Amino acid sequence: MKCKQVSGAVDQGCGLVFRYQDGDNYYLTRANSLEDNVRLYYVKKGSRQQIASWSGKVKSGVWHDYKVEAKADHFV
């Protein structure tokens with residue numbers, strides 16, 4: 001997937017939803033250029049739980065490539 005954060009004073013993010021079951025149960029990545037991080041969340045019964053986080057430069061206004069490989073209970 002490609003995404004580009006272009007504006008926002010409170011949040012500048014984009015991400016990828018996968019293993020979507022319904023609006024209350026899915027996995028989510030979020031890249032935030034204001035916080036310079038990428039996070040992995042699990043949403044279960046509408047409640048979001050952070051699983052992992054990476055800190056590093058996430059530039060605004062630039063296209064980024066994101067990919068998630070999900071095999072059984074292992075994500076890359």
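What is the order of the strands in the open sheet, and is their pairing parallel or antiparallel?

**Entry 1: the sheet.** I note at the outset that I am reading a predicted model. I looked up the sheet and found that it is open, with 4 strands in the order S2-S3-S4-S5 and antiparallel pairing. Strand S2 (13-22) and strand S5 (47-55) stand at the edges; each has a single partner strand, so one side of each lacks a neighbour in the sheet. I recorded an average twist of 15° from one strand to the next. As background, I recall that strands of a sheet pair through backbone hydrogen bonds.

**Entry 2: strands S3 and S4.** I then turned to the pair formed by S3 (residues 25-32) and S4 (residues 37-44). These strands run antiparallel and are joined by 7 bridges. Within this pairing I located Leu-28, which stands opposite Tyr-41 in S4. I also followed Tyr-41 to a charged side chain: Arg-48 lies over the face of its ring, at 4.1 Å from the ring centre.

**Entry 3: aromatic rings.** How many aromatic pairs are there? I found a count of 5. One of them joins Phe-18 and Tyr-27, which are stacked, with 5.5 Å centre to centre and 20° between the planes. I checked the accessibility of both residues. Phe-18 has a relative accessible area of 12%, and is therefore buried. Tyr-27, at 17%, counts as buried too. I noted further that ring pairs link Phe-18, Tyr-27, Tyr-42 and Phe-75 into a cluster.

**Entry 4: the disulfide.** I searched the whole structure for disulfides and obtained 1. This disulfide joins Cys-3 to Cys-14, with an S to S distance of 2.0 Å. Cys-3 belongs to strand S1 (residues 2-3) and Cys-14 to strand S2, so the bond ties together parts that are 11 residues apart in sequence. A disulfide is a covalent bond between the sulfur atoms of two cysteines. I found both Cys-3 and Cys-14 to be buried.

**Entry 5: positive phi angles.** Which residue in strand S2 has a positive phi although it is not a glycine? I identified Arg-19, whose phi is about 50°, and confirmed that Arg-19 lies in strand S2. Its relative accessible area is 36%, so I entered Arg-19 as partly exposed. I also listed Lys-45, a residue other than glycine with a positive phi near 55°. Lys-45 lies in the loop between S4 and S5. With 69% relative accessibility, Lys-45 counts as exposed.

Methods. Residues are numbered from 1 along each chain as its sequence is written. This is a predicted model: local features need pLDDT of at least 70, side-chain atom pairs count only at pLDDT 80 or more; totals for chains, interfaces and linings use all residues. Side-chain values use heavy atoms; hydrogens and water are left out. Two strands pair if DSSP finds at least two bridges between them. Helices (H or I, at least four residues) and strands (E, at least two) are DSSP runs, numbered from the N terminus. Axes are lines fitted to C-alpha atoms, for helices over the stretch in contact, and angles run from 0 to 180 degrees between N-to-C directions. Rings of Phe, Tyr and Trp (its six-membered ring) pair if their centres lie within 6.5 Å; planes under 30 degrees apart count as stacked, over 60 as edge-to-face and the rest as tilted. Buried means under 20% relative accessible area, exposed over 50%, partly exposed in between (1.4 Å probe, protein chains only). A charge sits over a ring if NZ of Lys or CZ of Arg is within 6 Å of the ring centre and within 35 degrees of the ring normal. A disulfide is a pair of cysteine sulfur atoms within 2.5 Å.
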